[in-house]
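User: I'd like to learn how to read a structure like this one, feature by feature. Could you walk me through it?

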Amino acid sequence: MIPRMALPVFRRGLALLLLTPWLGCVPSTQSARPVSASTKRSATNAAARKLPAPTPTPAPPEGTRKPVPSAADLKRDMVSAHNQARARASRPTPKPALPELVWSDEAARKAEAYAKECRFEHNPDRGAFGENLAAATPDTWTTAQVVKSWADESADYDPARGTCASGKMCGHYTQVVWRTTKAVGCATRLCTKNSPFGSNVGTWQLWVCNYAPPGNWVGQKPY
């Protein structure tokens, strides 16, 4: 079972990312296998960690809460944010430029089905998809900010070695900019169970993005 980390509750927004083992975190004997949270031989199986996130914002006044985005808005904003992150990749600058991602209805259906379970742990039955997860208290992040939180991990990626800096996470970033990934499909949901922030936070928002083909192959760099 993948552990979850309960965080103290504050009045300001809380956010989490879920990191899968990747690249140098998995023995080289698995180099022909995609990294997944269900890789039992990994000594660093997936765990929720507190995001060194942007400064959180105060909760909005009652009656002004932003609704969960519609499917159409989520699709537009997820594709746009991912492609902005890919266009800005610079450590090193990819040559040729990374191709833009398109939306995958199949990946989105898989993400939506899993998001309904409101579990902040990787989907062991996601099949041939890569996966990024994020969780936050309501109104903490927009769709674009979720992707930015993944892309900001580039600061902790060592392009020369193809690994994360010691004690840091960067696997969300490398999946976002993985050259051979062509499509993304995502879902988001307000949840009222299984809160990764502890029992005092009853409502939280989950984002699930699936990628095809998956990235984060052991022993390979993203581009």
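Analyst: Let's take the helix, a strand, the charged pairs and the disulfides in turn. Keep in mind that this is a predicted model.

User: Let's start with helix H1. How many residues does it have, and what does it reach from its first C-alpha to its last?

Analyst: H1 covers residues 71-87, which makes 17 residues. Its end-to-end C-alpha distance is 24 Å, close to the 24 Å expected at 1.5 Å a residue.

User: Which residues of H1 are buried, and what do they pack against?

Analyst: Leu74, Met78, Val79, Ala81, His82, Asn83, Ala85 and Arg86 are the buried ones. Their packing partners include helix H3 (143-151) and helix H4 (171-176), along with strands S7 (183-191) and S8 (204-212).

User: Now strand S4. Is it enclosed or open?

Analyst: Count the buried residues. Seven of the seven residues in S4 (residues 130-136) are buried, so the strand is largely enclosed by the rest of the structure. You can check the two faces separately: Gly130, Asn132, Ala134 and Ala136 are buried on one side, and Glu131, Leu133 and Ala135 are buried on the other.

User: In which sense do S4 and S8 pair?

Analyst: Antiparallel, over seven bridges. To find your place in the pairing, look at Leu133, which sits opposite Val208 in S8.

User: What's the idea behind a salt bridge?

Analyst: Side chains of opposite charge can pair when their charged atoms come close. In this model, the search turns up seven salt bridges in the whole structure. One of them joins Lys148 to Asp152, with the closest N and O atoms 2.8 Å apart. Lys148 is partly exposed at 46% relative accessible area, and Asp152 is partly exposed at 38%. Elsewhere, salt bridges with shared partners link Asp73, Arg76 and Asp77 into one network.

User: How far apart are the atoms in that network?

Analyst: Arg76 meets Asp73 at 3.3 Å, N to O, and Asp77 at 2.9 Å between the closest N and O atoms. Arg76 and Asp73 are both in H1, three residues apart, about one turn of the helix. Asp73 is partly exposed at 30% relative accessibility, and Asp77 is partly exposed at 25%.

User: What about Thr174: buried or exposed?

Analyst: Buried, at 0% relative accessibility. Thr174 is in helix H4, and its side chain makes a polar contact of 2.6 Å with that of Asn216.

User: And disulfides: what are they, and how many are there?

Analyst: A disulfide is a covalent bond between the sulfur atoms of two cysteines. The whole structure has three. Cys118 is joined to Cys191, S to S 2.3 Å. That pair links distant parts of the chain, 73 residues apart: Cys118 is in the loop between helix H2 (105-115) and S4, while Cys191 is in strand S7. The torsion about their S-S bond is about -85°, so this disulfide is left-handed.

User: Which handedness do the other two have?

Analyst: The Cys164 and Cys170 link is left-handed, at -95° about the S-S bond. The Cys186 and Cys209 link is right-handed, at 105°. Cys186 belongs to strand S7 and Cys209 to strand S8, so the pair ties together parts that are 23 residues apart in sequence. Both Cys186 and Cys209 are buried.

User: What pattern do the disulfides follow?

Analyst: Count the bonded cysteines along the chain, and the pattern reads 1-5, 2-3, 4-6.

Definitions and conventions:
Residues are numbered from 1 along each chain as its sequence is written. This is a predicted model: local features need pLDDT of at least 70, side-chain atom pairs count only at pLDDT 80 or more; totals for chains, interfaces and linings use all residues. Side-chain values use heavy atoms; hydrogens and water are left out. Helices (H or I, at least four residues) and strands (E, at least two) are DSSP runs, numbered from the N terminus. The expected span of a helix is 1.5 Å times one less than its number of residues. Buried means under 20% relative accessible area, exposed over 50%, partly exposed in between (1.4 Å probe, protein chains only). Contact means heavy atoms within 4.5 Å. Two strands pair if DSSP finds at least two bridges between them. A salt bridge is a side-chain nitrogen of Lys or Arg within 4 Å of a carboxyl oxygen of Asp or Glu. A polar contact is a pair of N or O atoms within 3.5 Å; within protein, one must be able to donate a hydrogen and the other to accept it, and residues adjacent in sequence count only if both atoms are side-chain atoms. A disulfide is a pair of cysteine sulfur atoms within 2.5 Å.
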